Every structure is written in C-alpha cells, then in structure tokens.
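Here are some notes to read alongside the structure. Take them one point at a time, with the model open beside you.

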4 protein chains.
Amino acid sequence: MDNPRVTVWNEFRHEKSHESVKAVYPDGIHNTIAQAISNSGLEVRTATLDEPEHGLTEQVLAETDVLTWWGHMAHQEVSDEIVNRVHQRVLEGMGLVVLHSGHFSKIFQKLMGTTCNLKWREENDSERLWVVAPGHPITEGIGEYIHLEREEMYGEPFDIPEPDTLVFVSWFTGGEIFRSGVCYRRGKGKVFYFRPGHETLPTYHNPEIQRVILNGVRWAAPTQSAPMVFGNAPSLEGATA
Amino acid sequence: MDNPRVTVWNEFRHEKSHESVKAVYPDGIHNTIAQAISNSGLEVRTATLDEPEHGLTEQVLAETDVLTWWGHMAHQEVSDEIVNRVHQRVLEGMGLVVLHSGHFSKIFQKLMGTTCNLKWREENDSERLWVVAPGHPITEGIGEYIHLEREEMYGEPFDIPEPDTLVFVSWFTGGEIFRSGVCYRRGKGKVFYFRPGHETLPTYHNPEIQRVILNGVRWAAPTQSAPMVFGNAPSLEGATA
Amino acid sequence: MDNPRVTVWNEFRHEKSHESVKAVYPDGIHNTIAQAISNSGLEVRTATLDEPEHGLTEQVLAETDVLTWWGHMAHQEVSDEIVNRVHQRVLEGMGLVVLHSGHFSKIFQKLMGTTCNLKWREENDSERLWVVAPGHPITEGIGEYIHLEREEMYGEPFDIPEPDTLVFVSWFTGGEIFRSGVCYRRGKGKVFYFRPGHETLPTYHNPEIQRVILNGVRWAAPTQSAPMVFGNAPSLEGATA
Amino acid sequence: MDNPRVTVWNEFRHEKSHESVKAVYPDGIHNTIAQAISNSGLEVRTATLDEPEHGLTEQVLAETDVLTWWGHMAHQEVSDEIVNRVHQRVLEGMGLVVLHSGHFSKIFQKLMGTTCNLKWREENDSERLWVVAPGHPITEGIGEYIHLEREEMYGEPFDIPEPDTLVFVSWFTGGEIFRSGVCYRRGKGKVFYFRPGHETLPTYHNPEIQRVILNGVRWAAPTQSAPMVFGNAPSLEGATA
C-alpha cells in the first residue's frame, strides 16, 4: 500500500501537567509526530486518551491503515475494550508502530505475550542506535547509526519475543545495550517497536528519528490479500472415505 | 537441565463423557503421555481441570520444570488466575509443551498474542509430519517424517507468530499443510507446540509421537542462569554528569 | 525504491533443444517473465547464459536493481567470475529472485552456504502453495493458496538455512510438502526463492505466479541507505587510554 | 548427545612468533581451550594449521562431534580441500564453534554466504557481553552480562545473515555494539559464533568465557536422526496418472 492513512495516538498527559514536557512539545508529542508524517504527503489524524473511546472509535480504526502509539503514565486507563478493538484490527492487517514507553502499553503486551519489561535510567546518557539490518526498508535514508546526545536509557533484558527482524541496537554511555528497533508480524498486521522518545527531550523533533518513524509506518502498511479463513473446512482433494 | 520434573496436564473431560475416547484412553490422555515420559526415567506427575486449582497449585508449579498441556472442550473453564500463574512461571523459565487442541487454550493464546485459530476437519485424512529442521534436538531418533494413518486435519492459516524454529510441517490427504511443530522462547521459558493428538485416535500411543513429546520436554527444560532484572538501574560506566 | 530496474536472467538452453519446452515458451522463459514484469510498468531487460559474460557485464549489473534467475541443465557453465560479481552486487544491495531449478545455481548455493539440495519427481502431481505469512508484501493480491494443476514435485528436506521469513509452503499430491517461498537478507541485498516453474509446464504464464514474482521483485528492491563500512575504526567516545 | 567428542582447532602461529601472545598462551590458545573443555569431562583433542591436513584428516573429523575454530593471520593457508571437508561434515551434523577472528575463516564465510566483515580496533576498550536470549542453553550458569576489562573492539555492521538466535550483544567503551553470540543451523549441523578472544589478552583463561564455549559445544552437539535424503523420489500416495 503506497499511501497508508495514519492515526497518531498519544496519551497526552505529561504535556498538560509537566512544564518540562510542555516546553518541548507545546502541542503534544502526537502533533509533532503527525506533522512529520504529514510532511511526507501521507494522510494523518491524531487521537488521545481523554477523547471519547480514546479517539479510537470503530470508524476511526476502520479508516486507519497504520496506528502509532505513545503512552507512559496512564497505560492502565486505556480500556480493555479499546485494546481488544485495536488488537483485532492489527490481526486483520492494520500496522502498529509502538514508541518508547509504549513498550508497557496494554496493546503491546497483549501482542507480544510477555511483560515487555526492561531496565531504565533518566540521567545523562547519550544513545547511539546502530543499524544491524542494513538494507531493511526501515533504514531507508539512514546512516550507519543515529546519535542522540541525550536520551533516557533502556537496557536489557527487554522481555520481548525474539524479533522477526532486529533492525537497531542501541549503545548507551552508561554501559548498556538495547534492541531498539524490532519488527514482528501478528496475524496479517505488522508491528514495529522503536525505542527513543523520552518526553522531556526533543527526540521527536530529530529528522532522523522522524525518518525512521515514517519508514516504520510505510513498512507496516497493510497488504491487500485474502483474509485469514478459519474453521471447519471441506477436503480439497476428496479425502472422505 | 538433564532431568526435568514434568507435570502432564489434561482437561480430562472427553474421556469421561465420550465412549469413543474412553475406549482409546481409558485412564485419560494424561496417563498415556505421563507413562511414556516416565518410561524414559523422568519424574512425572499429572494434573487435571477438575482438581482444586486445576491441580496447578503454587507448589506444584514450583516443582515443575516442564508442563505439558492438552485441552479442548473446556478451555473457558480454566480460571484466569491459574493461567496467569502458569504464564508467570513460563516467563521465569518453566518449559511448556502444548498439544493438539491446546492451540486454543488461554495460556497458549496469552503467550502467542494472537488467536491461534486454524482450519480443521474430522474425516479420514492421513497425516505425514515432515522434518524441516534436521538436526534440531526435537527430531532426535526421528526419521524423515512421521506417518499417521488417521488424524484430524489442521490447516493453514495457523494464526501464530512466526516461529523461532519451525521443526515439522504436516501434509494431509485432503490438500492442506500445517506448521505442526513450532518452537518459541517467552521470557526465560521455552514453548513447543506439537499438533497431533485427536482424542478419538490412538496417536499418543504411537512411539514416534511419544518420542517427539519427550524430546520437546527435554528441549524445553529450564536453563540455570541469571533471573531477568528490570527497573531503574545505576550507570555501570559513570555516565552521570 | 518504487521502480526497480529488473534484469531477467535465463539459462535459455532447454527452449532451444527440447520441443516440449519450446512449445510452452517459444521465446524462452525469460521473455515470458520479462513481459509479465514489464506489464506492471517496470523497466526490464533480459540476459542469458550464452551471451558474452552471460549478459551480466559490470555495466548491466550496475544498472540492475533486482535480478531474477532461472537455470537448470548448465549451472556449471556459469563462470565463477560472474557468480562472484553477482554475489558482490547482492551484498551491496541488489535484490535477487531465484526461481525453481535455480535452487541449484552457483549463486544461490554461495549465498546460502548449503547444498540447496532437495527431493524431486516429474510425474502428475498437483501443487497447492499455501500462504503461511499472511500480510507479507509478497502475498499482495494473492488468495489463501495458489493451485497448480500440474507441476514437478520438490520435497523436503530442502537444504537451506532457516528462512528469515517463510511465505509459502507447498502441498503435493504424492505426499510431500516443500518450503516454496522463502526470504533472506544477505549483506544489504534481499533474496527471495520461489519454487514453481518446471520448463515443460505453463507455470510462468499463470497470472498468480506472475504476481508473486512481481511482488518478490518489489520486495527485493534496494534500500537507499548507508553503505556497510568495515575495517579499523577510531573510538567514537574517547576510549583510548 | 550427552558427551560430544571435541576437536579444538587453532591456527597456532601468533603463539610462535609474537612474544606478547606466547606470554599469555605459552602452549597455544588451543590448549587453554581444550583444557577448559576437558575439565568438564568431555573427550578433547587438538589440531593445528601446520600439521598434515591441518590435523583434520577424514578420520579425525569422523571422530569429531564438535569442532572449535580459532584463526587469524593465516586464513588463506587453510586449503580449500580441508574447508570443503569440514563444510560437508557440518552439513552432516558436526557442530562448529567459531571464535573471535575466526569470523574471517574460509569455513565460516562458506557457511554464512557473506563476507563476515566487521569494524575493529585494538585499543583500550572494555567489553560487556549482554545476554539477550535469557533461557537459551548457551547462557547456562551465566549472569546478566560478562564483563571483560580489556578486549579488542569488533563493531557493526557485522556482515552475517540474520542469526537464527541472537544470544549476546556486546557493548564497547568506544561507542560500538556487536552481535557477539549468534546461532545458526546449516544442514544437520549447528554453528555458534562467539566473539571474544584477542590473542594478546587472557580472555580464554576467563571462567565465564570458558563456560560459554563449553555451553556452545554442548548446544552444537549432533542430533541422532535420519540423514537428509535427496534426489528422485517415488510418490508416497499414488500420484502417478
């Protein structure tokens, strides 16, 4: 699919309550990400936690080809009904790009089957995201690595299933590494988790980070093919006795 | 781990209510499987749905290195509390061998993150399980393929994540194929799904099928290594400013 | 890359010497495949074994984004120099789509590191290629399976490395299964092997088979990203004592 | 296989010509590794480049279940005949553990199908090998990570196929990461590459490194199962017209 319709979802709480976050993302993380995707010509809308149905109505999801997800302090406030709705849409083919602290979202945990837990530290680490899958479409336009002068550290173990493809591995000043760009298929849907993006830092203003998110969106776009058909099935070759 | 302690779990309902099943497994599917594993010298116990806590108390699970699971008609009667308990133990390292209709068990769905749905047919299909991972320890003692004169058909799509390792693919008379032996790691635990074993057929009396289950148990045995440590972590290399 | 330039390579011997092949592919297998790709709007050229440098000069390869490969009776006549040239281009990012008996080509063996051997039978088998990676871009426009009324059988074991992604598994009337659509990355290049295409059968005239080849070409198109840089590297973070 | 017979292969040139290496490994790297494996009760022999047939006669290989390989300055002196012999044995099921600069050995390149090139630096880096596959048998007895106070740096890109399993990722002081423990199956054989072991440093005297090598040997031990059978095959289900 060449031009997936994107919905950028954000918890949108830190930006209201923390001055340090508001200073970096005055319109919310979602609008910074949405603008970057929109600049590439894709059709983008946003949705946030405090909207009715978290902004993810049946209709919105039906018109969404790829959903991006940022959440942190209010994962438990996302209703199970909406999580199940998103889960079903992913299995039907909607792409999902999970960002940073979204690793602990209900939807990511549900899709992974593990805790998605990790180590973390908010100090003065630099991060360097090394490409370990050269040639993968998510690395389009990216150099050997992306350097972020300041980021929150996430460290292994990262309790996720073995990725279908490992695209980035991060180095941190403090001595840790992290599998920071990982791809999965679930049902007909594609899932990309991308690590950077602490709310007090200007990471989502970084053009290289924006490019990876855009690449992730394009990679995760749905494929137009047969739906998965389950259940009792007649023999195709006359197996009945 | 050389001698894992095994618990064989069975729903144990068909064998009580259906004469056709009782005729094949008079003591229940679990006792047939447990006997086969026990013959190899491993320590085995059984547990069933209608026991208190489904026979899976904290203590039983604490003393279980590998759990095997067969269920079919009563998946919904397995309590979420026990499912969560088993899930946690798998992430901590307990092996899990899921058999046949156990594909639809809550614990397998929770670990996979997908519906685990599939096609099926109860007719007169033969099944031939081809080894596609020669050299994998689960194929120890097995030939090029295992032939089962009569089995229920399971067909693709099988809604599971891409396996870490695909060990067997089945051919069915009626025209379908199925990924019938698949391996995953989840947390520190190993999960092996093995397809055959319809309740009205003598599949679990078949020595090759017994051998694969035993191989799966040995493969899924826990590794004695560091527990996964999560949370706030100090710098190892003096990253603080 | 949206519009990869394609070179369709064919051994082009059977079509000259065997009437039964000439009848099905009067202009050679390459021209049938090239026409199908060209119909989608991509720029296509062909190359064959008996041309100078097998038609794969430095310049041709420099202008090729994706190369498709069909060979059978004359694998050993492909010069090692050209094989090494193609190998280097794949590692630099050129896509490679290997078809049918191309499994035994020098270039596929060199990229896989294994014999790529298999079972085979030329009789009256039907083949049914089941999609096992729903949502993968190579399945775009394809149904649950592709049915070929008559094809040569290829059976497991197929001596290849575990695929990065398994897209299709074939069922054959005679009782075998085969991993018939498999994806790999090697260096910056992507490799797709696709099984069908016996020279005496009209398989490459089949629109679904043409669609899969086209999908494979698009999937294997190069990514524009940093070249791989090797060798002695200075410290990025002042590690020198 | 519980007690694989091991052959430890070493180029054994640095230890003769460089005082700095001789000081660390007076009897050669091979004897340090062999002693560590032997201490665990396994049967071990050694072989080196300058022996007839590099010490890898048909008989030696026939009696070897797992081969370990260290080489650096003389990769090109290993004869193609012996490389092919080892290659064939791996495909038949012999395990192979490739160490450090063995990444550039002919046998590893042949099995991988890529250049196996990488970045490197001999300075004052520390290395920290993080476990990213907790529960994998190669991590038996290992903590969250292994710390090496001084090691040669190897950095990405590491031109290898996507590993079947990624077990360790290394952090280096100078800013790089590296996939330092990777597993593959090739034919019936298992291949484990393990990064550490610069010849001037006492890495192979480190008990944790010795433990990983021993774990790798046990993991790579052959499976007793059917040989791979190729070629023309009769129908199993009466497909002939």
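**Notes for a first look**

1. A good place to begin is the contact pattern within one chain. Among the contacts in chain A with a separation of 6 or more, 71% come from residues 24 or more positions apart. Please keep in mind throughout that this is a predicted model.

2. Next, the overall build of chain A. The chain holds seven helices and twelve strands. A compact globule of 241 residues would have a radius of gyration near 18 Å, and chain A agrees, because its own value is 18 Å. The C-alpha trace spans about 70 × 40 × 35 Å along its principal axes. Of the 241 residues, 61% count as buried.

3. Helix H7 of chain A, residues 207–220, deserves a visit. What span should its 14 residues have at 1.5 Å a residue? The expected figure is 20 Å, and the end C-alpha atoms are indeed 20 Å apart, so the two agree. H7(A) is mostly covered, with ten of its 14 residues buried. Among them are Ile209(A), Val212(A), Ile213(A) and Leu214(A), and also Arg218(A) and Trp219(A).

4. What do the buried residues of H7(A) pack against? Their partners in chain A are helix H3 (29–38) and the strands E1 (6–10), E3 (66–70), E4 (95–99), E7 (145–148) and E11 (189–194).

5. One of those partners, E11(A), is worth following further. It is mostly covered too: six of its six residues are buried. In a regular strand, side chains alternate between the two faces of the sheet. In E11(A), Gly189(A), Val191(A) and Tyr193(A) point one way, while Lys190(A), Phe192(A) and Phe194(A) point the other way, and all are buried.

6. Now look at the strands that pair with E11(A). E4(A) pairs with E11(A) in the parallel sense, over four bridges, and here Val97(A) stands opposite Phe192(A). E10(A) runs antiparallel to E11(A), and six bridges join the two. On that side, Tyr193(A) is the bridge partner of Val182(A). E10(A) and E11(A) form a hairpin with two residues between the strands, in which Gly187(A) takes a positive phi near 60°.

7. Moving outward, consider how chain A meets chain B. Each side brings 39 residues to the contact. On the side of chain A, the elements that give two or more residues are helix H6 (106–112) and the strands E5 (119–121), E10 (177–186) and E12 (231–232). By class, this side has 14 nonpolar, 14 polar and eleven charged residues. E10(A) thus appears again, as it is a contributor here and also pairs with E11(A).

8. Strand pairing also crosses between these two chains. E5(A) pairs in the parallel sense with strand E12 (residues 231–232) of chain B, over two bridges. Within this pairing, Trp120(A) stands opposite Asn232(B).

9. Chains C and D offer a pairing to set beside that one. Two bridges join E12(C) to strand E5 (residues 119–121) of chain D, and the strands run parallel. Asn232(C) stands opposite Trp120(D) in E5(D). These strands belong to an open sheet of three strands, in the order E12(C)-E5(D)-E8(D), with mixed pairing. Its edge strands are E12 (231–232) of chain C and E8 (153–155) of chain D, each pairing on one side only.

10. How are chains A and C related? A turn of 180° with a shift of 0.0 Å along the axis lays chain A on chain C with an RMSD of 0.0 Å. The two copies are therefore related as by a two-fold rotation axis. The same surface serves both, as 100% of the contact residues of chain A recur in chain C. Of the residues of chain A, Asp164(A) comes closest to the axis, its C-alpha lying at 3.7 Å.

11. The contact of chains A and C itself involves 23 residues of chain A and 23 residues of chain C. The side of chain A has seven nonpolar, eleven polar and five charged residues.

12. Finally, a single residue in chain D. Is Ser20(D), with its 10 C-beta neighbours inside 10 Å, buried or exposed? Ser20(D) counts as exposed, because 12 or fewer neighbours is the cut-off. The residue lies in helix H2 (residues 19–24) of chain D. Its C-alpha atom is 8.8 Å from that of Leu201(D), although the two residues are 181 residues apart along the chain.

Terms used:
Residues numbered from 1 in each chain as written. Chains lettered and ligands numbered in written order. Predicted model: local features only at pLDDT ≥ 70, side-chain atom pairs only at ≥ 80, totals over all residues. Least-squares fit on C-alpha atoms with pLDDT ≥ 70 in both. Contact = placed C-beta atoms within 7 Å. Buried ≥ 20, exposed ≤ 12 C-beta atoms within 10 Å, placed from the backbone. Nonpolar A, V, L, I, M, F, W, Y, C, P; charged D, E, K, R; others polar. Rg over C-alpha atoms; globule rule 2.2 N^0.38 Å. Expected span 1.5 Å × (residues − 1). Pairing = 2+ DSSP bridges.
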